Amino acid sequence: MSQNTIISVENVDFRYEEKFILKDFSYRFERESFTCILGESGSGKSTLLRLINGLLLPEKGLIKIESETLTPQNLIEKRLQMGYVLQGNSLFPHLTVFQNMAYCLKLLKRPDEFCKEKILELLPLIGLKSELLQKFPHEISGGQKQRVGIIRAIAHDPKIVLMDEPFSALDSETREKLQVLVKDIHQQLKTTFVMVTHSREEAETLATDILEM
Ligand code: ADP
Ligand code: MG
């Protein structure tokens, strides 16, 4: 495996029922790249993200994160090295904006003061004001929720950020603003981004690499 590969998908077979979604599928994601995954609805884009995140295990083949094969034994540890932004509203409704943002930091047992500083440092990056921190998800807009979801995914400094159609539920103006923000964040953090989108235009704006399913 090349030094520069961070995620390696090797000869993977995967199916939910009889029909194979992935058959002998291989792909390497380069360190610090921004890969957009394009493909028709049902082509297996979300399935591939779930396999990389260890939410699903392949029937055959391997998923390697930094040269280490994902196994049931190490997947919790590996998953904490990743951030995951889901489509639509995936915030925890009973947690405040701040608690949502600090969720992975808490799982990693970071001290309260560290969490607070980290979140305050990230807020301007995503264009949110600190007044929002004590609100609950139902009190903020769709665009704000996606911004909170992005902070939740990057706050613990993951090596890999996975995003599944993060902007598809947003109006075009908000979507364009968030695309610019995400591109800036990628450049500043030097993290590897993998983003599913059904928009070729979005992929061409953001991606350093495009994977067509
Ligand atoms: P995409 O994200 O590209 O639209 P998915 O990865 O979500 O595609 O799904 C690929 C295929 O697998 C689709 O045909 C979908 O209906 C099927 N599928 C997805 N999740 C499940 C599941 N939990 N059980 C059975 N079939 C599923
Ligand atoms: Mg999908």
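Is Asp24 buried, partly exposed or exposed? Keep that question in mind as you start the tour, and remember throughout that the structure in your viewer is a predicted model. Select Asp24 and colour it by accessibility: its relative accessibility is 45%, and because buried means under 20% and exposed means over 50%, Asp24 counts as partly exposed.

**Stop 1: Asp24 and its partner**

Leave Asp24 selected and add Lys60, since the side chains of these two residues meet in a salt bridge, with 3.7 Å from N to O. Follow the chain from one residue to the other, and you will find that the pair links distant parts of it, with Asp24 in strand 2 (residues 20-30) and Lys60 in strand 4, 36 residues apart. Lys60 has a relative accessibility of 39%, so this residue counts as partly exposed. In general, side chains of opposite charge can pair when their charged atoms come close.

**Stop 2: Arg15 and Glu59**

Now select Arg15 together with Glu59, whose side chains also form a salt bridge, this one at 2.9 Å from N to O. Here too the pair links distant parts of the chain, for Arg15 belongs to strand 1 (residues 5-15), while Glu59 sits in the loop between helix 1 (45-52) and strand 4 (60-65), 44 residues apart. Arg15 is partly exposed, with a relative accessible area of 32%, and Glu59 is partly exposed as well, with a relative accessible area of 45%.

While strand 1 is on the screen, select Ser8, which lies in that strand. At 0% relative accessibility Ser8 counts as buried, and a polar contact of 2.7 Å joins its side chain to that of Glu10.

**Stop 3: a salt bridge within one helix**

Next, move to helix 5 (residues 112-126) and select Lys118 and Glu121. The closest N and O atoms of their salt bridge are 4.0 Å apart, and because the two residues are three apart in the helix, they are separated by about one helical turn. Which of these partners is buried, and which is exposed? Lys118, at 11% relative accessibility, counts as buried, whereas Glu121, at 53%, counts as exposed.

From here, select Arg31, Glu66 and Lys159, which are joined into one network by salt bridges that share partners. For the whole structure, the count comes to twelve salt bridges.

**Stop 4: the largest pocket**

Turn now from side-chain pairs to open space, and look for the largest pocket, which holds about 390 Å³. To find it, select Asn53, Arg79, Tyr84, Tyr103 and Cys104, which are the closest to its centre among the 17 residues of the lining. You can then add the elements that give two or more residues to this lining, namely helix 2 (75-79), strand 6 (82-85), helix 4 (103-107) and helix 6 (142-154). If you colour the lining by class, you should find eleven nonpolar, four polar and two charged residues.

**Stop 5: the second largest pocket**

Clear the selection and choose Arg175, Gln179, Ser199, Glu201 and Glu202, which lie nearest the centre of the second largest pocket, out of 15 residues that line it. About 250 Å³ of space lies in this pocket. Helix 7 (172-189) and helix 8 (200-206) are the elements that give two or more residues to its lining, and helix 7 gives the most, with four residues. Coloured by class, the lining divides into three nonpolar, seven polar and five charged residues.

**Stop 6: the cavity**

How many cavities of 30 Å³ or more does a search of the whole structure find? The search finds one, and about 30 Å³ of space lies in it. To see what surrounds this space, select Tyr84, Val85, Leu86, Gly88, Ser90, Leu91, Lys145, Gln146, Gly149 and Arg152, which line the cavity. Strand 6 and helix 6 each supply at least two residues of this lining, and the largest share, four residues, comes from helix 6. By class, the lining has four nonpolar, four polar and two charged residues.

As you finish, go back to Tyr84, which is named among the residues closest to the centre of the largest pocket and which also lines the cavity.

Notes:
Residues are numbered from 1 along each chain as its sequence is written. Chains are lettered from A and ligands numbered from 1 in the order in which they are written. This is a predicted model: local features need pLDDT of at least 70, side-chain atom pairs count only at pLDDT 80 or more; totals for chains, interfaces and linings use all residues. Side-chain values use heavy atoms; hydrogens and water are left out. On a 1 Å grid over the protein atoms alone, a cavity is a set of points where a 1.4 Å probe fits but cannot get out, and a pocket is an open set with protein on both sides within 12 Å along at least five of seven lines; lining residues have an atom within 4 Å of a point. Grid points are joined across faces, edges and corners, and a volume is the space filled by probe spheres set on the points. Ala, Val, Leu, Ile, Met, Phe, Trp, Tyr, Cys and Pro count as nonpolar, Asp, Glu, Lys and Arg as charged, and the others, Gly among them, as polar. Buried means under 20% relative accessible area, exposed over 50%, partly exposed in between (1.4 Å probe, protein chains only). A polar contact is a pair of N or O atoms within 3.5 Å; within protein, one must be able to donate a hydrogen and the other to accept it, and residues adjacent in sequence count only if both atoms are side-chain atoms.
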